[in-house]
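Trainee: Before I use a model, I would like to know how each label in its description is justified. Can we go through them one at a time?

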Amino acid sequence: MIYDVEQCRAALKRCPPGHSDRSYSLNSLANSLRNRFTQLGVLSDLDESIELHRAALLLRPPSHSDRSESLNDLAVSLRDRFTQQGIPSDLDESIELHRAALLLRSPGHSDRSESLNNLALSLVDRFKQRGVPSDLDESIELHRAGLLLRPSGHSERSHSFNNLANSLLDRFRQRGVPSDLDESIELHRAALLLRPPGHSDRSYSLSSLANNLRHRFMQRSVPSDLDESIELHRAALLLRPPGHSDRSYSLSSLANSLRHRFTQRSVPSDLDESIELHRAALLLRPPGHSGQSYSLSSLANGLRHRFTQRGIPSDLDESIELHRTALLLRPAGHSDRSYSLSSLANSLRYRFTQRGIPSDLDESIELHRAALLLRPPGHSDRSYSLNNLALNLGERFTQRGVPSDLDESIEFHRAALLLHPPGHSDRSYSLSNLASSLRHRFTQRGVPCDLDESIELHRAALLLRPPGHSDRSYSLNNLALSLRDRFTQRGVPSDLDECIELHRVALLLRPPGHSFRSSSLSSLANSFRERFTQRGIPSDLDETFNLFSQLPHISHLPSRTDLTAAKSWAAAAEETNHDSALLAYQIALKFLDQHVTLLSSSSRHFDAVRTATASLAVDAFSCSVRHGALITAVELVEQGRAVFWTQLARFRTTVDELSTVRNTGAALAEEFKQLSFRLRSAFDQSTEDQSPQIRQLTMKWDDMVSRIRMLPDFSRFLLPPLFSDLQKAAEEGPVIIVNASQYSCDALIVLSDRDPVHVPIGITQTVVFDLSFEFQSLSKEFGSFDTQHQLVSILRKLWHDIVGPVVQALRVSNVHPGSRIWWCPTAEFTLLPLHAAGLYEKKRDSLSHIYISSYTPTLATLVRARRQVSGDASPQHFVAIGQGNPDEGKPLECVGPELAVVAQRLTPVVSSFTSLEDSDATVEGAFDALNHNQWLHLACHGMPNRQQPFESSFAMRDGPLMVKDIIRSNWQDPQFAFLSACHTTVGDEKSPDESIHLAAAMQFSGFRSVIGSMWSVDDEVAQEVVSAFYGDLVNGSGRLDCTRTAMALHKAVKKLRNKIPLEQQIVFIHIGV
């Protein structure tokens, strides 16, 4: 091949300008270069070929006997370049050149059939790019005319059969007329007969016939078509051994047919073989190969299909990465760009369905919009884009409830259905999807005709998906859901009975291992429960929970769908008072733990975490208490709260105990530490949560965790802690979990030496919510109006209803006055000042007169803080940061004097004291100071953001120091932080149990002890509290002691009790040891 090109170059040198054979030599070299491009895929060969053909054409003016040859050859090369680079002008010029060649090859010309054929091929390409039906129709007519000029015995007759067959297939794909596909198959069979064993093009005919049979299978689901397709592809592959230029094509085509057979029959080996064949094809298409983007895309689709069956997260992540790479190889103008946009969008939607990350869904929608713009009216794949964009908009409506998303979804589905008339292979999909969107609109707006139309459309779709159809289970399930909605609205018993029967059949089509089996189990169970509610037949209730009890046995990593099903089980068990309720919660929390491990520890995923957790933990706690399982209550509430911090803490876990394990322990500990640091860094630096680097590191990290769990005494490494571990939180004093659930409100006192003590709280969650709302409203008025009377009223309610009964139980448990206690509130209790509860009357109890209160977001957080003990002789480096003139916000006049007080108190005590003020108190300056100091006093504006809690911040001179920046820190052995700023314990308004606020961020970053504020702090009061506080922080040996901070705060407030308003006495709280 290279020799041919070089020979032709030498021949051209022998024919300088003016030589009579120069045009022939130009043409020969151009064709050799094009042939080499066909073999090796090097684009520069094709570019040079085109320039040489242009030069030859200039030497063959009108009337030259070889002009039609030059027109034809230049047109063919331009079409090849269009196929590679998608430049529309190349294709348009190719068509014009072919038309010009055809005019010179009038009826009777020996090469007329060639021109008819080539012009037809270019018109098909333009149809595929722009969707103009007339281009495709003209192509077919030209191919028919060409076939007439190639009668039986003609050497090119098989090529004409083949090309006409391909164009008919294209028209079938656009219009769905079955006769086009049948004729296409017959033409390919005729071509194959003309290419017997030994024929150079036999493998091509085998492959083409195989592809068309696969298309017919996809339309009519006749198994023999697909089996024959696979056998033909295997036969073609045998004729394309290693080294054959089309081997990669055969590998890829056989892979596609095997994937379709897997979809029909669910034989796992078909799908695995398909993926391996696609990998083999990709190896034959290295960077620069013209077919690489196709192989990347096909492998990506195979991996996505395997994910839908087995739920292996890495398959889906790899699919997305491959689609992204393919898209980069298909820039604007590329003929397959719309396909890559659409395929990437589909994989992102699957990941959203599994993990619930909103950005995946938003990106998917934007990609589908971009694909739709590239598929104008008439484009063969326009209906596909309309359908997929509509599905995603419907999904986003379900998540966020924006009506315009749903209306737009319905309009797109209607438009897609118009493009799928009766007989079209994809009509069932359009019917089903439009029906589902109408059902959603009925659910939102209650218009009966939407539901009736939905049911009729689902029935029509089901008729087009007979037994054996790969999507029959979806139609059965969706029709059942709409019938159940109609039953709920109109109460017709037959609707509910039919719903149950349809769900039964759907479940049979989703055997164990199917990714939507849990959804079918849940839907059928809920329908039985509905019928039990209506008719009271005990067997319906038994069937309900028999179905739910199968949920623990799913074989894949739990998805969002599985978690939703488990929550549904818990809700059904609560509603019917079934004894499986506690098991349901345990399974749901197990699924939650496994589900959130699929999410990166990135603030970008917090919405997904928030949606997944909801009220699960507090309801599980309540259920456990009602069943008398108090130890289980502690374990479950701990497992389901502060999930984001727990996930993030995995990468900061200390493994000192591991280092003591003989032989491998120290090496494993160091390897785990390094890997955790690399993974944290990768998350911080990447904008794409599942980049190849992150995926590879995650796999290594998971493997490392598995290896550690195999060591003696490490079997529960990084698994949800048991009560025996959590009980260590109470070593220095009891921890009181105060829980608000829709089912009950309770407190549990966790003690270090016995089982938890239950304290019933005789109010409902609604009362707690109202009390919290009343207090939050009042706190906004602090400092502006006289609010003391209203504040005392709320604090008395807290005492009577919640804190008083707890104190009584503490006394019974021999927790002596003056002891330290820790509050661990959940749900709405997190927003109430439990530490300040009391009667506020002379000689009557208030909590602060009896015990010294601290808080902790979870028990595990407190246990971790206790482990981080600093050595008695270690240096103590203190930094005071004050910003009274921030980038935004009013000046704080007392910041300077406050820092002076801190310096005066501590300079004689600590190893070093650093003060950063005003222009030095920048974001970078603060981070740098915290890299060198373990003790912090921070005086500035606190800026809470309850809608975007990771953007809550401290106001520095040059901008905000945000929570999302703090959690990326890697400070060494931090001990204590006094946050003399407003609202530093105010977190996300929708998920208070996640404790995403400034004080929690400091605690997570390693500070063992933190003082923060629950509302606005008076500037002057803060200075007085600080002065009194630091006077009591030094222990008997003259060193700072972070375990004394709660006592020091308690004493400081006590000293100032008669000098400052009540709301300022109780604004600061202590968190940690």
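Trainee: What is the order of the strands in the open sheet of three strands, and how are they paired?

Mentor: This is a predicted model. In it, the order is β9-β10-β11, and the pairing is antiparallel.

Trainee: What makes β9 and β11 edge strands?

Mentor: Strand β9 covers residues 942-943 and β11 covers 959-962, and each pairs on one side only. Pairing on one side only is what makes them edge strands.

Trainee: How do you know that β10 and β11 pair?

Mentor: Two strands pair if there are at least two bridges between them. Strand β10, residues 953-956, is joined to β11 by four bridges, so the requirement of at least two is met. The two strands run antiparallel.

Trainee: Which residues of β11 stand opposite A955 and F954?

Mentor: A955 stands opposite P960, and the bridge partner of F954 is L961. The connection from β10 to β11 is a hairpin through two residues.

Trainee: Why is F397 called buried?

Mentor: Its relative accessible area is 8%. Buried means under 20%, so F397 qualifies. F397 is found in helix α18, residues 382-400.

Trainee: Which residues does F397 touch, leaving aside those up to four places away in sequence?

Mentor: F397 touches V402, P403, D405, L406, H440 and Q444. For a C-alpha distance, take F397 and S437: they are 40 residues apart in sequence and 9.8 Å apart in space.

Trainee: Why is Y204 called partly exposed?

Mentor: Y204 has a relative accessible area of 33%. Partly exposed lies between the limits of 20% and 50%, so 33% earns that label. Y204 lies in helix α10, residues 202-220.

Trainee: What does Y204 touch, again without residues up to four places away in sequence?

Mentor: Y204 touches N162, N166, R195 and R240. Its C-alpha atom is separated by 10.0 Å from that of L237, 33 residues apart along the chain.

Trainee: How many disulfides does the structure hold?

Mentor: The structure holds zero disulfides.

Trainee: How do you know that C894 is in no disulfide?

Mentor: The nearest cysteine sulfur, that of C982, is 12 Å away. A disulfide needs two cysteine sulfur atoms within 2.5 Å, so C894 does not have one. C894 is buried, at 13% relative accessible area.

Trainee: What rules out a disulfide for C1042?

Mentor: For C1042 the nearest cysteine sulfur is that of C824, 19 Å away. The cut-off is 2.5 Å, so C1042 is also left without a disulfide. With 3% relative accessibility, C1042 counts as buried.

Trainee: What share of the protein chain is buried?

Mentor: Buried residues are 57% of the 1073 residues in the protein chain. The chain exposes about 43,300 Å², with carbon and sulfur atoms supplying 52% of it.

Trainee: What share of the contacts between residues at least 6 apart in sequence joins residues at least 24 apart?

Mentor: The share is 69% in the protein chain. That chain has 46 helices and 14 strands, and its C-alpha atoms fill a box of roughly 120 × 75 × 60 Å along the principal axes.

Trainee: How many side chains are positive and how many negative?

Mentor: There are 114 positive and 126 negative side chains, and the centres of the two sets lie 3 Å apart.

How values were computed
Residues are numbered from 1 along each chain as its sequence is written. This is a predicted model: local features need pLDDT of at least 70, side-chain atom pairs count only at pLDDT 80 or more; totals for chains, interfaces and linings use all residues. Side-chain values use heavy atoms; hydrogens and water are left out. Buried means under 20% relative accessible area, exposed over 50%, partly exposed in between (1.4 Å probe, protein chains only). Contact means heavy atoms within 4.5 Å. Accessible areas come from the Shrake-Rupley method with a 1.4 Å probe; for residues, only the protein chains shown count as cover. Lys and Arg count as positive and Asp and Glu as negative; His and the chain ends are not counted. The place of a charge is taken as NZ of Lys, CZ of Arg, CG of Asp or CD of Glu.
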